[in-house]
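Here's a quick tour to read with the structure open beside you. We'll start with helix packing, then move on to the interface, a couple of individual residues and the confidence scores.

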Amino acid sequence: MASQTSVAKLNVKQRNKDVGQSLTKLALRRLRKDYLTLIAIVVIILMTVISFSAGLVESTLNVSYRTTDASRTFLPFGSQETAADGTISYHLLGTDDLGRDHLARLLYAGQVSLKVGFLAAILSLVIGVSLGIVTGFYGGLVDDFVNWVIATLTSIPQLFLLLIVAAVLQPSAETLILVLGFLGWTGTTRLVRGETLSLREREYVISARAIGASPLRIMFVHILPNLFSVIVITLAIDIGGLILAEAGLSYLGLGIKPPTPSWGNMLTGAQTFFALGPHLVVMPGLMIFITVLCLYTIGDGLRDAFDPTAKD
Amino acid sequence: MIKYTIRRLVQAIPTFFGITLFSYILMLGAPGGPVASLTFDPRVTPQQRARVAAQLGVNDPFPVQYLRWLMGDDWMRWDADGDGVSDHAVLVDLGLDANADGDFDDEGDAIYPPGTRKGIIRGDFGRSFFYRREVSSMIGERVAATLELGATALLTGLVIGVPVGILAAVFKGSFFDNITRILAVIFNAIPIFWLGLILILVFGSALGWLPMGGRFPIGIGLGDIPIYQRLEFLILPTFVLSTGAIAVYSRYMRASMLDVKSQDYMRTAQSKGLPGRTVWFRHGARNALIPLATFLGPAITGLLSGAAITETIFSWPGLGRFGVEAVTSQDYNVVMAVVIIGAVATMLGYILSDIFYAIIDPRIRFD
């Protein structure tokens, strides 16, 4: 009896396996078992949600990210302060060199850093994918020209490139998104171009062409969906890389300018805080580190999940 | 081989042209600009400002300006009447020669007299607006520091990354493999300026074991002491700068090693009864190292970008920090020089790795 049911179970399993499943479905199924990636996704979502509800946190704890107060600088973790009118402020992560609440600043900085990372990554992805498809599909002069631009851009060390741009533009969150987006597409283009080169020789593309589909239709209806996995993986890793780039620039004083907080510029001049408030050095970097770590982990997890040669 | 090298160098010309054009166009949009920073003094009259502008040629059409910056303008003038003075010129206004009133002095002035520039192709990056000195000689003073740091970091990356990668592949799935994999992800994700700050905080400030920055002990001049006597100054910056390289090399080496593992000659070596060590290291690792040759170009870009940040944290007197400071002080000749030199170094790195690769794997030459 027992053996019979297990045989029946096995048959069901076997049958389920035989049912055709799309790569995306398979990937999602694999992802559901990849706890590390799932944790990373949850952390990123939590981080985003909390950052963007910074105002709520501020009013709950009765603190402010921009009110300076010389009498309460460098307060340690978990400080409480009773104002003259009896209201209590809870500085969970202490205060900074100007007496502003550190937690609130971290959250507002998170908004800026996450926004810059996400939007710049999306911008560079849109540019990178469209250029990659077009150059891979048409080849020829367009391809040569774009390759020349890529060779030029990749020859200039990224930070130096950003140095020139920072010198030219008055940096703000918006300009940084544009700059990082417009300079960061080269890797994606190369990747997508390579994929497109192989995809355009596939039977379904040839048959689409045979029934008279326009090049635009082939590129964006037939080829683009097949790039989905490449796009998702690139996006996750790009966001991480761009958050790092933004933080580096802001740290050097060439990115987001104070008083607008960003995780990078909160560390500018942090050497002077070593003795008084080491937490001011530790926390912003930890936030960058955790965010980027999660994004890279998600990227890696997605790559494994979308790998068609992977075994279940 | 010579043919391949030459072809590769010729291919680099359009890239070099692209780099100069791209950075020059970007720089044209920079605020302030040379005229503003040279005539910042409120006592400067509009006439003087106009003269400075004309000397710098900022009112000329873009292609002319670009040409002068790239190739110089000394060849644009000639001696028409045979009196030994080059007094005729194209595209250069000699009438506004700063020598006319005799106040041009070689060290103090930020502008060249028209018709004496050599152009960046011949290593003439003009003068720093801020320091009023030749940019090229100031770069020369800083190149050594960046080379020292970059080379040590690259070496550290290789010396740690390669063996770690090999071992991770040999013991695939082991504890060592997993822990190095996690460390590689961590090294990749950690913001290096923060890592630097924390290390200074721990080793420089709290423990006091290592200096908090700089390249020499305070009070000792440049170049006075050999590198082995100031290793303590190198430890932290090198570690910070090499984290990325260690992570990338170890992962890359592991993948390359696993690739090699499935090759026929590995199976042959195993089946003829060679000990595992010989199979892995003599047959495996040596072949797995080949693709690493292509990594020099990307490595240089990474190191230069990282150097700008690392040098700033550790007050290391190198090129990167010089560039960052120049952006802040709107010293555009310096910014351009640093960017162009960084780009050329990267380009040469890519060419060198291609040539290495072609030496190791002759099939490449005929692509």
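In chain B, helix H12 (residues 319–328) packs against helix H13 (residues 332–360) at an angle of about 145°, and their axes are 8 Å apart. Bear in mind that this is a predicted model, scoring ipTM 0.79 and pTM 0.82.

**Helix packing in chain B**

- H12(B) and H13(B) make a left-handed crossing.
- On the H12(B) side you'll find B:Leu319, B:Phe322, B:Gly323, B:Ala326 and B:Val327, and they meet B:Val334, B:Val335, B:Val338 and B:Ile341 of H13(B).
- Sorted by type, the residues in this H12(B)–H13(B) contact come out as eight nonpolar, one polar and no charged.
- Next, look at helix H8 (residues 231–261) and helix H10 (residues 276–288) of chain B, whose axes are 8 Å apart and make an angle of about 125°.
- That angle falls in neither the parallel, the antiparallel nor the perpendicular range, so H8(B) and H10(B) count as oblique to each other.
- The H8(B)–H10(B) crossing is right-handed.
- H8(B) brings B:Met253, B:Ser256, B:Met257, B:Val260 and B:Lys261 to the contact, while H10(B) answers with B:Gly284, B:Ala285, B:Asn287 and B:Ala288.
- Here the split is five nonpolar, three polar and one charged.

**Chain B as a whole**

- Chain B has 13 helices and two strands.
- It runs to 367 residues, and 38% of them count as buried.
- Take the contacts in chain B between residues at least 6 apart in sequence: 66% of those join residues at least 24 apart.

**Where chains A and B touch**

- How many residues does each chain put into the contact? Chain A gives 36 and chain B gives 41.
- On the chain A side, helices H6 (140–155), H7 (158–168), H12 (228–251) and H13 (278–306) each supply at least two of the residues that touch chain B.
- That side of chain A is made up of 27 nonpolar residues, nine polar and no charged.

**H5 against H13 in chain A**

- H13(A) also packs within its own chain: its axis and that of helix H5 (residues 102–138) of chain A come within 11 Å, crossing at roughly 30°.
- An angle under 35 degrees counts as roughly parallel, so that is how H5(A) and H13(A) are described.
- The crossing of these two helices, H5(A) and H13(A), is right-handed.
- A:His102, A:Leu106, A:Ala109 and A:Gly110 are the H5(A) residues here, and they meet A:Leu280, A:Met283, A:Pro284 and A:Met287 in H13(A).
- The contact of H5(A) with H13(A) holds six nonpolar residues, two polar and no charged.

**Two residues to click on in chain A**

- A:Ile243 sits in helix H12 of chain A.
- Is A:Ile243 buried or exposed? It counts as buried, because it has 28 C-beta neighbours inside 10 Å and 20 are enough.
- Beyond four places in sequence, A:Ile243 is in contact with A:Ser113, A:Gly117, A:Ile288, A:Thr291 and A:Val292.
- A:Ile243 and A:Ala120 are 123 residues apart along the chain, yet their C-alpha atoms are separated by 9.3 Å.
- A:Val63 belongs to the loop between helix H4 (54–61) and strand E1 (79–82) of chain A.
- A:Val63 is buried too, because 22 other C-beta atoms lie within 10 Å.
- Leaving out residues up to four places away in sequence, A:Val63 touches A:Glu58, A:Ser89, A:Tyr90, A:His91, A:Asp101 and A:Ala104.
- A:Val63 and A:Ser22 are 41 residues apart along the chain, and their C-alpha atoms are separated by 50 Å.

**How far to trust chain B**

- Mean pLDDT for chain B is 78, and 82% of its residues score at least 70.
- Which elements of chain B mark the lowest and highest mean pLDDT? Helix H2 (residues 33–38) has the lowest, at 65, and helix H6 (residues 175–189) has the highest, at 88.
- Over residues 96–108 of chain B, pLDDT stays under 50, and the model has 16 contacts beyond four places in sequence for that stretch.
- Where pLDDT is low, the predicted coordinates should not be read in detail.

Conventions
Residues numbered from 1 in each chain as written. Chains lettered and ligands numbered in written order. Predicted model: local features only at pLDDT ≥ 70, side-chain atom pairs only at ≥ 80, totals over all residues. Helix = DSSP H or I, 4+ residues; strand = E, 2+ residues; numbered from the N terminus. Buried ≥ 20, exposed ≤ 12 C-beta atoms within 10 Å, placed from the backbone. Contact = placed C-beta atoms within 7 Å. Nonpolar A, V, L, I, M, F, W, Y, C, P; charged D, E, K, R; others polar. Axes fitted to C-alpha atoms, helices over the stretch in contact; angles between N-to-C directions. Parallel < 35°, antiparallel > 145°, perpendicular 65-115°, else oblique. Left-handed = near helix turned anticlockwise from the far one by under 90°. pLDDT = per-residue confidence, 0-100.
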